[in-house]
Amino acid sequence: MIYTENFTLSTLICDEDDKLTLWGLARLFQDVAGDQSDELGVGFNNLQQEHKAWILTHVYYNILRLPTAGEKLTLKTWAKQDNGLIAPRDYQLIDEKGDICASSASNWVILNTDTRRVCRLNEIIAVYEKENIHATKYEKLEKLSMPSDLQLLKHIDVPYSSLDHTRHVNNAEYIKWICDSIEEICKPRFTGRKEIAELSINYLKETKYADPDVNMLRHIDGDKYYFQLTNSNGVSVNAIVGLK
């Protein structure tokens, strides 16, 4: 079952050049996933009543073109076959000409918010149509392997505005922090400015408001950037960014 939404791109999730930001793209994909989940009866409000929540564990983005504010766009998303615990979901962002601007693959689980344990999907979700279509080069997302020589880049003071309705840092906020730490993409007049071609993230542990031990580590290997975010409970996020 492919779910589709049409919309006009707002400046609210664009940068100073009116181009869609990567964290804005992440928000769009999260929102359309939530909309389809609502339609299927397993959205945030439905699960909250049962003390459960959808948690994103892994996501990969392939960026062909970031559209500009005012463009008319289409979002598509669909669920793929799960393994009982992990629910894969893919996405596409398509422009008015029918060209794909960006695509994504993701893994989700349902967490019991009281016990913090992952739930079996068949105990919560009724059977519905799944698609055997892969929006990216990955049929299955794997755990990211990080280099051993990551260096401390900076400490992060977690603002209240970074939290979502699960009361921990929203998935897209980590992407914002990462993008803000890549000089080659965040300075419009920087002579070596580049763009992000792809991004992979593992979400491992939640980060809460005012955690005093949130740090970002980084390793650069040519056009590949490795990021790791840690908090009081250990490694919270591993990410690999590819520039073009």
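The following exercises, each with a worked solution, concern a predicted model of a protein chain.

**Exercise 1. Confidence**

Find in which elements of the protein chain the confidence is lowest and in which it is highest.

*Solution.* Begin with the chain as a whole, for which the mean pLDDT is 93, with 97% of the residues reaching 70 or more. Then turn to the individual elements: helix α4 (residues 183–186) has the lowest confidence, at a mean of 70, whereas strand β1 (residues 3–8) has the highest, at 98. As a caution for reading such values, predicted coordinates should not be read in detail where pLDDT is low.

**Exercise 2. The order of the sheet**

Work out the order of the strands in the open sheet, and state which strands lie at its edges.

*Solution.* The sheet has 10 strands, paired in the antiparallel sense, and their order is β1-β3-β4-β5-β2-β7-β10-β9-β8-β6. At its edges stand β1 and β6 (151–155), each of which pairs on one side only. Neighbouring strands are turned against each other by 20 degrees on average, with direction ignored.

To follow one end of this order, start from β6, which pairs with β8 in the antiparallel sense over 4 bridges; here Leu152 stands opposite Leu217 in β8. The next step leads from β8 to β9 through 7 bridges, again antiparallel, with Met216 facing Leu229 in β9. These two strands form a hairpin with 2 residues between them, and Gly222 in the turn has a positive phi of about 65 degrees.

Elsewhere in the sheet, strand β4 (residues 87–94) and strand β5 (residues 100–112) run antiparallel and are joined by 8 bridges, with Ala102 in β5 as the bridge partner of Leu93.

**Exercise 3. The setting of strand β10**

Determine with which strands β10 pairs, and decide whether β10 is largely enclosed or not.

*Solution.* On one side, strand β7 (residues 196–203) pairs with β10 in the antiparallel sense over 7 bridges, and Tyr203 stands opposite Val237 in β10. Strand β9 (residues 224–231) also pairs with β10 in the antiparallel sense, over 8 bridges, and in this pairing Tyr225 is opposite Val241. The link from β9 to β10 is a hairpin through 2 residues. As for burial, 8 of the 10 residues of β10 (residues 234–243) are buried, so this strand is largely enclosed by the rest of the structure.

**Exercise 4. Helices on the sheet**

Identify which strands helix α1 lies across and which strands helix α3 touches.

*Solution.* Helix α1 (residues 22–39) lies across β1, β2 (52–63), β3 (72–79), β4, β5 and β7, and runs at about 120 degrees to β4. Helix α3 (residues 171–179), which also packs on the sheet, touches β2, β6, β7, β8 (215–221), β9 and β10, and its direction makes about 130 degrees with that of β7.

A residue-level view can be had from Asn171, which is found in helix α3. With a relative accessibility of 11%, Asn171 falls under the 20% limit and therefore counts as buried. Apart from its neighbours within four places in sequence, Asn171 is in contact with Gln30, Leu56 and Tyr203.

**Exercise 5. Aromatic rings**

Establish how many aromatic pairs there are, and explain why the pair of Phe29 and Tyr61 ties together parts that are apart in sequence.

*Solution.* The count comes to 7 aromatic pairs. In one of them, Phe29 and Tyr61 are stacked, at 6.3 Å centre to centre with 5 degrees between the planes. Because Phe29 lies in helix α1 and Tyr61 in strand β2, this pair ties together parts that are 32 residues apart in sequence. Both of these residues, Phe29 and Tyr61, are buried.

A further stacked pair is that of Tyr225 and Phe227, with 6.2 Å between the centres and 20 degrees between the planes. Tyr225 counts as buried at 3% relative accessibility, and Phe227 is likewise buried, at 0%. Finally, ring pairs link Phe29, Tyr61 and Tyr91 into a cluster.

**Exercise 6. Leu73**

Decide whether Leu73 is buried or exposed, and list which residues Leu73 touches.

*Solution.* Leu73 lies in strand β3 and, at 2% relative accessibility, counts as buried. Not counting residues up to four places away in sequence, Leu73 touches Glu5, Asn6, Phe7, Leu9, Pro67, Leu93, Ile94 and Asp95. The C-alpha atoms of Leu73 and Thr8 are separated by 6.0 Å, although these residues are 65 residues apart along the chain.

Notes. Residues are numbered from 1 along each chain as its sequence is written. This is a predicted model: local features need pLDDT of at least 70, side-chain atom pairs count only at pLDDT 80 or more; totals for chains, interfaces and linings use all residues. Side-chain values use heavy atoms; hydrogens and water are left out. pLDDT is the predictor's confidence in each residue, from 0 to 100. Buried means under 20% relative accessible area, exposed over 50%, partly exposed in between (1.4 Å probe, protein chains only). Two strands pair if DSSP finds at least two bridges between them. Axes are lines fitted to C-alpha atoms, for helices over the stretch in contact, and angles run from 0 to 180 degrees between N-to-C directions. Contact means heavy atoms within 4.5 Å. Rings of Phe, Tyr and Trp (its six-membered ring) pair if their centres lie within 6.5 Å; planes under 30 degrees apart count as stacked, over 60 as edge-to-face and the rest as tilted.
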